[in-house]
Amino acid sequence: LPLSGPSAALGQGMLDAALMAIYDVGADQSKLLPHDTGGNPQHSADASRAVIADRARLIEATIATFGRIDILVNNAGRAVLEHVAEMDFANCESQARQYLMGPLDLILRAVPHMRKQGAGWIVNLGSATANPPYRKTRLNWYGALKAAVHRLTEGFAVELIDDNISVNAVSPVSTIMTPGVDSLNIITPEM
């Protein structure tokens, strides 16, 4: 979450909403572990690395603390906004680890617990950029990865339905103009 930098107010609002949701369901033992993206690419990269390191411990810590895992929401990453032909392989690979392999890793870790408890919910963040592009864009690699997330979500949904595990994707179709988004210069007049 951008808890500092130009989009700090948006990040704090998101964190406050998450805290209210936890309060609303009476999850007194729940704990949020936000990582500050700082509203800039370097802090975002640092936050992404921290999340990846935490990923290995996240599911087991949840089970150890609460005895179960009811819902997994996969929503993390830092987009590299470049034309694919101008990206280097390391950036492409980093994006694939964040947007595709990260959610896959968490799902594979959570499913055995959800099966054992007889139910679960998995929500993956997709994107409208998964649809074929209709104009030149700097989101083609991101869109390709989100298309893979959509397909992975559909596959898991079919595989896990008999285990009473619901798997869905939510796909935002537009960007909210925040100071942080504005600083990335990704919103153009033709959009």
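A salt bridge is taken here as a side-chain nitrogen of Lys or Arg lying within 4 Å of a carboxyl oxygen of Asp or Glu. In the present structure, which is a predicted model, the side chains of Arg115 and Asp163 meet this criterion, because their N to O distance is 2.9 Å and the limit is 4 Å. This pair links distant parts of the chain, with Arg115 in helix α3 and Asp163 in the loop between α4 (140-160) and β3 (165-170), 48 residues apart. Both partners fall into the intermediate class of accessibility: Arg115 is partly exposed, with a relative accessible area of 45%, and Asp163 is partly exposed as well, with a value of 25%.

A search of the whole structure finds 4 salt bridges, among them two further pairs that are described here. In helix α3 (residues 89-117), Arg109 and Asp105 stand 4 residues apart and are therefore separated by about one helical turn; their side chains meet in a salt bridge with an N to O distance of 2.7 Å. The two ends of this bridge differ in class, since Arg109, at 34% relative accessibility, counts as partly exposed, whereas Asp105 is buried, with a relative accessible area of 18%, a value that lies under the 20% limit for burial. A salt bridge also joins the side chains of Arg68 and Asp70, at 2.8 Å from N to O. Here Arg68 is partly exposed at 35% relative accessibility, and Asp70 is likewise partly exposed at 33%.

Turning to aromatic contacts, the structure holds 1 aromatic pair, formed by Tyr99 and Tyr142 in an edge-to-face arrangement, with 5.1 Å from centre to centre and 90° between the planes. The assignment as edge-to-face follows because an angle over 60 degrees between the planes is counted in that class. Like the bridge between Arg115 and Asp163, which links distant parts of the chain, the tyrosine pair does so too, with Tyr99 in helix α3 and Tyr142 in helix α4, 43 residues apart. Both rings belong to buried residues, Tyr99 having a relative accessible area of 7% and Tyr142 one of 16%.

The largest nonpolar core contains 14 residues, of which Ile59, Leu72, Met114, Ile122, Leu160 and Ile165 touch the most other members. At least two residues of this core are supplied by each of α2 (41-66), α3, α4 and β3, and the greatest contribution comes from α3, with 5 residues. Ile59, one of the residues named above, touches Ile69, Leu72, Leu106, Arg109, Ala110 and His113 when residues up to four places away in sequence are not counted. The contacts of Ile59 thus include Leu72, itself among the named core residues, and also Arg109, the residue that forms a salt bridge with Asp105.

Nonpolar side chains also appear on the surface, where Ile71, Val73 and Trp121 form a patch with about 310 Å² of accessible area together. Within this patch, Val73 is found in strand β1 (residues 71-74) and is classed as exposed because its relative accessible area of 52% is over the 50% limit.

Definitions and conventions
Residues are numbered from 1 along each chain as its sequence is written. This is a predicted model: local features need pLDDT of at least 70, side-chain atom pairs count only at pLDDT 80 or more; totals for chains, interfaces and linings use all residues. Side-chain values use heavy atoms; hydrogens and water are left out. Buried means under 20% relative accessible area, exposed over 50%, partly exposed in between (1.4 Å probe, protein chains only). Rings of Phe, Tyr and Trp (its six-membered ring) pair if their centres lie within 6.5 Å; planes under 30 degrees apart count as stacked, over 60 as edge-to-face and the rest as tilted. A nonpolar core is a set of buried Ala, Val, Leu, Ile, Met, Phe, Trp, Tyr and Cys residues joined through side-chain atoms within 4.5 Å. Contact means heavy atoms within 4.5 Å. Patches are made of residues with over 30% relative accessible area and no salt bridge: like charges are joined within 9 Å, nonpolar side chains (Val, Leu, Ile, Met, Phe, Trp, Tyr) within 5 Å. Accessible areas come from the Shrake-Rupley method with a 1.4 Å probe; for residues, only the protein chains shown count as cover.
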